[in-house]
Amino acid sequence: MKLMRSLLTAIVALAAVNVYAQTEVIEIESSNRDAAGRIVRGPYQTNRFFDNIFIGVAGGVNIYHGESDSYGSFGKRLAPALDVSIGKWITPSVGLRAQYSGLKAFGWTSSNSWYADGGPDAAGVYREKFNTMYVHGDVMWNISNALGGYKETRTWNFVPYLGFGVARSWANGEAKNEFAPSVGLLNNIRLGNVVDLTLEARHMFVNQRFDGVAHGSRYEGMTSVTLGLTFKLNRRGFDRVPTVAVVDYSEYDNRINALRNELDAANARNKRLSDDLNAARNKKPETVVKTEVETSPMAIFFTIGKYNLTEKEMINLGYIADVIKKSPDQKFKVLGYADKETGTPAFNKQLSEKRAQAVYDALVNKFGVKASQLETVANGSEIQPYNGAVLNRVVIIKENE
């Protein structure tokens with residue numbers, strides 16, 4: 001009996017530490033927080049059926065609460081208890097468990113009940129001893145994970161639960177079966193990756209006849225406090241659902257809108273062109289007068305041995321440029337010459353080339369003739385287009401045949 005009292009004292013002390021431990025654990029956890037230090041509570045991926053399974057065994061004391069139990073001292077009311085459990089955590093905060101709880105219960109009664117152990121004592125009170133068994137299912141809520149964020153390596157988890165099942169009492173050839181709800185508090189203290197130390201307190205509610213005495217208060221119950229071990233099987237942790245990066249489609253939306261605007265503009269242009277085409281089809285044809293520009297060879301003259309253009313020749317080039325620009329699709333040759341009566345053939349070749357280039361530059365750079373219409377040719381003094389040396393110091397501009 002002294003051993004049971006010592007065990008109960010230790011259990012109560014552990015329970016008293018629980019509130020402080022929970023606060024400290026929640027404050028020092030780090031992996032259950034994001035980069036900003038905020039607690040992250042999920043969501044979590046669903047594990048396979050046999051993941052997060054646990055089994056447990058625990059021993060402790062049962063204390064039955066009947067009509068006449070005040071006749072017995074607290075120490076004599078303590079009976080041995082045994083818990084055997086199997087369960088599964090569905091999420092880090094919600095779990096299901098099936099448990100066998102039982103062994104013995106002690107009590108007192110003023111009448112000779114089914115479970116009376118011998119005759120009455122000097123005060124006329126009978127002591128009861130009977131076997132008990134409670135098979136129940138529990139819905140558990142890990143409040144530490146729910147409020148503090150899930151962390152597999154948390155030292156202390158605080159788990160209240162609700163249960164319902166069938167309770168049985170029996171002794172002296174008699175037995176009673178009752179449907180019984182229960183409430184409890186489970187403390188899981190982490191010892192390692194596989195093993196937890198458990199400290200559990202539970203109260204079961206039963207009908208008054210459960211202890212073999214059917215009078216007095218309608219409801220009775222039994223409180224159990226146990227200390228044991230839980231073994232975690234197979235996969236034991238939970239993974240958060242991966243964060244899916246939000247794709248920014250604004251660039252594509254802007255491009256699509258721009259293309260739509262371009263398409264609308266193209267459709268508008270097509271409509272205008274279609275309208276213009278229909279209008280042209282319905283319009284009477286007009287007489288088109290085609291003006292053809294006829295040009296004859298045009299000459300620019302130079303002084304002996306020179307290739308620079310005089311003011312008079314620049315005026316002539318202006319008129320020539322106007323004629324050329326009226327025929328934008330026509331090609332022209334700029335033919336340079338030198339008189340054979342002066343200079344050597346090599347010198348005259350270079351001189352004719354410089355004269356042709358001077359006329360070409362003036363037409364293009366000063367008078368705006370398209371360069372693509374002109375071609376320079378240096379004929380030197382080998383060809384003499386006119387009679388007389390003075391006339392052969394010339395550049396002739398003519399249509400390219």
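This report walks through a predicted protein model, from the whole chain down to single residues.

## How to read the model

Residues are numbered from 1 along each chain as its sequence is written, and side-chain values use heavy atoms, leaving out hydrogens and water. Because this is a predicted model, local features need pLDDT of at least 70 and side-chain atom pairs count only at pLDDT 80 or more, while totals for chains, interfaces and linings use all residues.

## The whole chain

Let's start with the overall layout. The protein chain has six helices and twelve strands; these are DSSP runs numbered from the N terminus, with H or I over at least four residues for a helix and E over at least two for a strand. Of its 401 residues, 39% count as buried. Buried means under 20% relative accessible area, exposed means over 50%, and partly exposed is in between (1.4 Å probe, protein chains only).

The accessible surface of the protein chain is about 23,200 Å², and carbon and sulfur atoms account for 58% of that. Such areas come from the Shrake-Rupley method with a 1.4 Å probe, and for residues only the protein chains shown count as cover. How are contacts spread along the sequence? Among contacts between residues at least 6 apart in sequence, 70% join residues at least 24 apart, where contact means heavy atoms within 4.5 Å.

## Salt bridges

How many salt bridges does a search of the whole structure find? There are nine, each being a side-chain nitrogen of Lys or Arg within 4 Å of a carboxyl oxygen of Asp or Glu. One of them joins Asp-196 and Lys-232, with the closest N and O atoms 3.1 Å apart. This pair links distant parts of the chain, since Asp-196 sits in strand β7 (residues 195-207) and Lys-232 in strand β8 (residues 219-233), 36 residues apart. Both Asp-196 and Lys-232 are buried.

Arg-202 and Glu-200 also meet through their side chains, at 3.5 Å from N to O, and both of these residues are buried. They belong to a network of salt bridges that also includes Asp-83, Arg-97 and Asp-138. For a contrast in setting, look at Lys-271 and Asp-275, whose closest N and O atoms are 3.3 Å apart in a salt bridge. Both lie in helix α4 (residues 250-282), four residues apart, which is about one turn of the helix. Lys-271 is exposed, with a relative accessible area of 54%, whereas Asp-275, at 39%, counts as partly exposed.

## Space inside

Rolling a probe the size of a water molecule over the atoms shows where empty space is left. Here the count comes to two cavities of 30 Å³ or more. A cavity is a set of points, on a 1 Å grid over the protein atoms alone, where a 1.4 Å probe fits but cannot get out; lining residues have an atom within 4 Å of a point. Grid points are joined across faces, edges and corners, and a volume is the space filled by probe spheres set on the points.

The largest cavity holds about 440 Å³ of space. Which residues lie nearest its centre? Of the 33 lining residues, these are Phe-54, Trp-89, Asn-188, Asp-196 and Lys-232. Asp-196 and Lys-232 are thus familiar from the salt bridge described above. The strands β1 (53-65), β2, β3, β6 (174-190), β7 and β8 each supply at least two residues of the lining, and β1 gives the largest share, with five.

## Two serines and a methionine

Ser-93 is found in the loop between β2 (78-89) and β3 (94-109). Is Ser-93 buried or exposed? It is buried, because its relative accessible area is 16%. A polar atom of its side chain lies 3.4 Å from the backbone nitrogen of Ala-146. Ser-144, in helix α3 (residues 143-148), is buried too, with a relative accessible area of 2%. Its side chain reaches the backbone nitrogen of Phe-158 at 2.9 Å.

Met-133 belongs to strand β4 (residues 126-141) and is partly exposed, at 27% relative accessibility. Its C-alpha atom is separated by 4.2 Å from that of Gly-102, although the two residues are 31 apart along the chain. Beyond its neighbours within four places in sequence, Met-133 is in contact with several residues, including Tyr-100, Gly-102, Val-166 and Trp-170.

Terms used
A polar contact is a pair of N or O atoms within 3.5 Å; within protein, one must be able to donate a hydrogen and the other to accept it, and residues adjacent in sequence count only if both atoms are side-chain atoms. On a 1 Å grid over the protein atoms alone, a cavity is a set of points where a 1.4 Å probe fits but cannot get out, and a pocket is an open set with protein on both sides within 12 Å along at least five of seven lines; lining residues have an atom within 4 Å of a point.
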